[in-house]
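Here is a walk through one structure, taking its charged pairs and then its ligand site in turn. Please keep the sequence and the coordinates at hand while reading.

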Amino acid sequence: MNNFFHSPVMLYILAVLLVLVFFLPDLIGPVPAILCGAAVIGFAFYIYNLWCREEPGAADRKNRARGDEYGSGEAANDQIKPYKKLEKPMLLELLRKRRSIRKFTGQKIEEEKLDILIEAALRSPSSRGLNPWEFVVVTDSETIGELARSKTHGSSFLAGAPLAIVVCADPAKSDVWIEDTSIASLLLHLCAADLGLGSCWIQIRKRQHDEKTGSETYVKNILGLKPDMTVEAIVAIGYSAEEKPGRGDDTLLYERISYEKYGNRR
Ligand SMILES: Cc1cc2nc3c(=O)[nH]c(=O)nc-3n(C[C@H](O)[C@H](O)[C@H](O)COP(=O)(O)O)c2cc1C
């Protein structure tokens, strides 16, 4: 709309308004003059709409050339991949910014955001809709501190998070519970990013707490899980205390993509 007031159409409207104000009422009377004015302004808006209409992706290319948050700042060119020509695909925008966050401010997660995270997890797709997962939401700092010692490496940062969501499953409910719990864990990670929160996956399945005890057993004991349950991961969530830029286009492994037959590249 800002453009509109700087456009030639605005000059046109002003000129027409001047004519209307000074001459038309005398010529055709005040009511027809007002109707004429409305028609002229409506027509101007219609012209403006046509004038502003851009080919699909033009706005994106402009954004990319400007280097704003949606683009990477490279010059607009015809080599841009087709999906990048879409107008603001929101998930891709989120994925471009997403990173694993391991440093958190002390700020607690609001109940509303927690509810959204839980809803996102429960909306996870699962094989045959069997939903074999269960989630344990932990906000108690003492318990979080214990969970942070689940592994010898890669879990200690959890101690600084205000929220841990432990993604568990009952393997008897589905033979592909690993896939199902992984999807749920990823959705929690993405939903956290969408809510302006940082998060990181902590792998528990097949990891060791120490030489004798597996991470799963350790977590199960802390949370009092049933013996036949398993633990896939813990998702640490909080307000980010670190700045991490999204991964650049140059890091994407396009050489891993084949077309029609393995090894055919573009
Ligand atoms: C299956 C899986 C397990 C992971 N386990 C851990 C973990 O135990 N500890 C950790 O700090 N990060 C873990 N991560 C996060 C990865 O280290 C991270 O995604 C990777 O380094 C890429 O960084 P980025 O997410 O910032 O792009 C895990 C990620 C996945 C997908």
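The paragraphs below deal with salt bridges and then with the surroundings of the ligand.

The model is predicted. Searching the whole structure turns up two salt bridges. One of them joins Glu-119 to Arg-123, with 2.7 Å between the closest N and O atoms. Glu-119 has a relative accessibility of 41% and counts as partly exposed, while Arg-123, at 64%, counts as exposed.

The other salt bridge pairs Arg-205 with Glu-232, whose closest N and O atoms are 3.0 Å apart. Arg-205 sits in the loop between strand E3 (198–203) and helix H10 (215–223), and Glu-232 belongs to strand E4 (residues 230–238), so this pair ties together parts that are 27 residues apart in sequence. Both Arg-205 and Glu-232 are buried, meaning that each has under 20% relative accessible area.

The second topic is the ligand. Around the ligand are Arg-98, Arg-99, Ser-100, Arg-102, Lys-151, Gly-154, Phe-157, Cys-200, Trp-201, Ile-202, Gln-203 and Arg-247. By residue class, this shell consists of five charged, four nonpolar and three polar residues.

Several of these residues place N or O atoms opposite polar atoms of the ligand. In the side chain of Lys-151, an N or O atom is 2.6 Å from an oxygen atom of the ligand. The side chain of Arg-247 likewise has an N or O atom 2.9 Å from a ligand oxygen. Gly-154 contributes through its backbone, where an N or O atom lies 2.9 Å from a nitrogen atom of the ligand. On its own the ligand has 610 Å² of accessible area, and the protein covers 63% of it.

Technical notes: Residues numbered from 1 in each chain as written. Predicted model: local features only at pLDDT ≥ 70, side-chain atom pairs only at ≥ 80, totals over all residues. Heavy atoms only, no water. Salt bridge = Lys/Arg side-chain N within 4 Å of Asp/Glu carboxyl O. Buried < 20%, exposed > 50% of the residue type's maximum accessible area, 1.4 Å probe, protein only. Helix = DSSP H or I, 4+ residues; strand = E, 2+ residues; numbered from the N terminus. Near = heavy atom within 4 Å. Polar contact = N/O pair within 3.5 Å; in protein donor to acceptor, adjacent residues only side chain to side chain. Areas by Shrake-Rupley, 256 points an atom, 1.4 Å probe, with all protein chains shown as cover. Nonpolar A, V, L, I, M, F, W, Y, C, P; charged D, E, K, R; others polar.
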